[in-house]
Amino acid sequence: MADKLMLEVITPSRAVVREEVEMVVAPGEWGEFGALPNHAAYLTAIKLGELRYKVGNKTEYAIVSGGFAEIVADRATFLVTSAEKSHEVDIARALKAKERAEQRLQAVAAKREAIDVARAQAALQRALWRLKIAERAK
Amino acid sequence: MATLKDVLRKIGAVKKTQQITKAMNMVAAAKLRGAQAKMENFRPYAGKFAEVIGSLSAHLNVEASPLLEQREVKNIELLLVTADRGLCGSFNGNLNNVAEKFLRAKGAEGVGTSLVCLGRKGRDYFRRRETNMRASHIDVMGRFDMSNAITIAQDLASRFIGGESDEVYVVSAHFISMAIQRPVTRKLLPISPEELGGPGETAGAAREYLYEPSPEQLISSLLPTHVNVQVYSAMLETSASEHAARMTAMDNASRNCKDLIRSLSLTYNKARQAAITRELMDIVGGAEALKK
């Protein structure tokens, strides 16, 4: 029986996290869930949000966007379109993205432009999560 | 017989060409490493993805997603992935040939065809021919990431769902080894369930998962991603193949330059010796004449 969980967060361009952790908490489709070692085989969709994992006494944070996760006994594999650890978040870029998305949404509210509201909102959400998680690194 | 100066000039020209081909060879080698690194990074994602989809494919039914719908084929769409640049041997030509033959065969069956080109060389080739080119994406092969692939894949998928195309195919290069790259034609849409339950099936079937949400919902949300993954891996493989093909082509070109320089040097030396001999004969002839 393993007392550690092998956590892997994989995006199409690289493996963001690959380490042994004691616990992981992730944003599942139906709300946040936690997984400890020896979890039952579990397959779930992942939505945008914060991924927390505990290594020793430290808790690390990362942002994950849409994808899914497979948890089997002592392995947790997250396949997501994008992921960044808290200290990797580009704050300047996130701020810019937030501004841009807000402007777009305002433009929509004022009916000046017909643009994709869903896309702008998704961009805003991503930017807000990034900022929140970057905050955690401090 | 060419004069000495002409031959010398020619040797200089060939040497310069050789420098260029050698440089291009090295650039291609560096880019190939980049492309291969991308492939390496993508492999765990693609592998795991195939495994999960395979284990879910048991729960697949045709109503689960519009991407699975088999229709009577009236219109097909072809995504042709080529390189943006030439000078890589017959690489682009092969891909274009395969695509053209494919379109012609489908056209002969009375099926409407349309084409989406990814890469400049394919676009340029088919622009001059009678094809229904719907869209083209150029300058993405060099520095693409997954987001380009997603844009293209979603465009193809939405046309398929909208009923504008009944089948979607991809022509791209398959990277077999440094020396061999082969054009392949694959069906992208509709997704066939047999194809999904590949090697991952046996491993997945043995496990009983807790699913959240239901497996049916899960797989229908994963299928669009499956299309993205297919398009992205086609792009990656084509890009790696392009650089490998260019390396081989430039290697051959450098070798040909070397041969050419050798034979030109021989001509040059022969001409030089002939000239020296001629001069000596003149001098000796002149001296003989003075003696008398």
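Q: What distance lies between the C-alpha centres of domain 1 of chain A and domain 2 of chain A?
A: They sit 25 Å apart. Domain 1 covers 5-86 and domain 2 covers 90-136, with bounds that come from an automatic or database domain assignment. Keep in mind that this is a predicted model, where local features need pLDDT of at least 70, side-chain atom pairs count only at pLDDT 80 or more, and totals for chains, interfaces and linings use all residues. As for labels, residues are numbered from 1 along each chain as its sequence is written, while chains are lettered from A and ligands numbered from 1 in the order in which they are written.

Q: What makes residues of domain 1 of chain A count as being in contact with domain 2 of chain A?
A: The test is a pair of C-beta atoms, placed from the backbone, within 7 Å. By that test 8 residues of domain 1 of chain A are in contact with 7 residues of domain 2 of chain A. On the domain 1 side, β6 (49-55) and β7 (58-64) of chain A each give two or more residues, and β7(A) has the largest share, with 3 residues.

Q: Which elements of chain A have the lowest and the highest mean pLDDT?
A: Since pLDDT is the predictor's confidence in each residue, from 0 to 100, you can just read it off: helix α2 (residues 117-136) of chain A is lowest at 83, and strand β3 (residues 23-28) of chain A is highest at 90. Helices here are DSSP runs of H or I, at least four residues, and strands are runs of E, at least two, numbered from the N terminus. Chain A overall has a mean pLDDT of 84, and 95% of its residues reach 70 or more.

Q: Why is strand β9 (residues 75-80) of chain A called mostly covered?
A: A residue is buried if 20 or more other C-beta atoms lie within 10 Å of its own, exposed if 12 or fewer, and partly exposed in between, with C-beta atoms placed from the backbone. In β9(A), 5 of the 6 residues are buried, so the label fits.

Q: How do you know what β9(A) pairs with, and in which sense?
A: Two strands pair if DSSP finds at least two bridges between them. Strand β1 (residues 5-10) of chain A has 5 bridges to β9(A), in the parallel sense, and strand β8 (residues 67-73) of chain A has 6, in the antiparallel sense, so both qualify. I10(A) stands opposite L79(A), V72(A) has R75(A) as its bridge partner, and a hairpin through 1 residue joins β8(A) to β9(A).

Q: Which strand of chain A pairs with β6(B)?
A: Strand β5 (residues 39-46) of chain A does, in the parallel sense over 3 bridges. T44(A) has E212(B) as its bridge partner. The contact between the chains takes 20 residues from chain B and 21 from chain A, and α1(B) gives the largest share of chain B's side, 7 residues.

Q: What makes chain B more spread out than a compact globule?
A: Its radius of gyration, taken over C-alpha atoms, is 29 Å, well over the 19 Å that the globule rule gives for 292 residues, so the chain is more spread out than a compact globule. That rule is 2.2 Å times the number of residues to the power 0.38. The C-alpha trace of chain B spans about 115 × 45 × 25 Å along its principal axes.

Terms used: Two residues are in contact if their C-beta atoms, placed from the backbone, lie within 7 Å.
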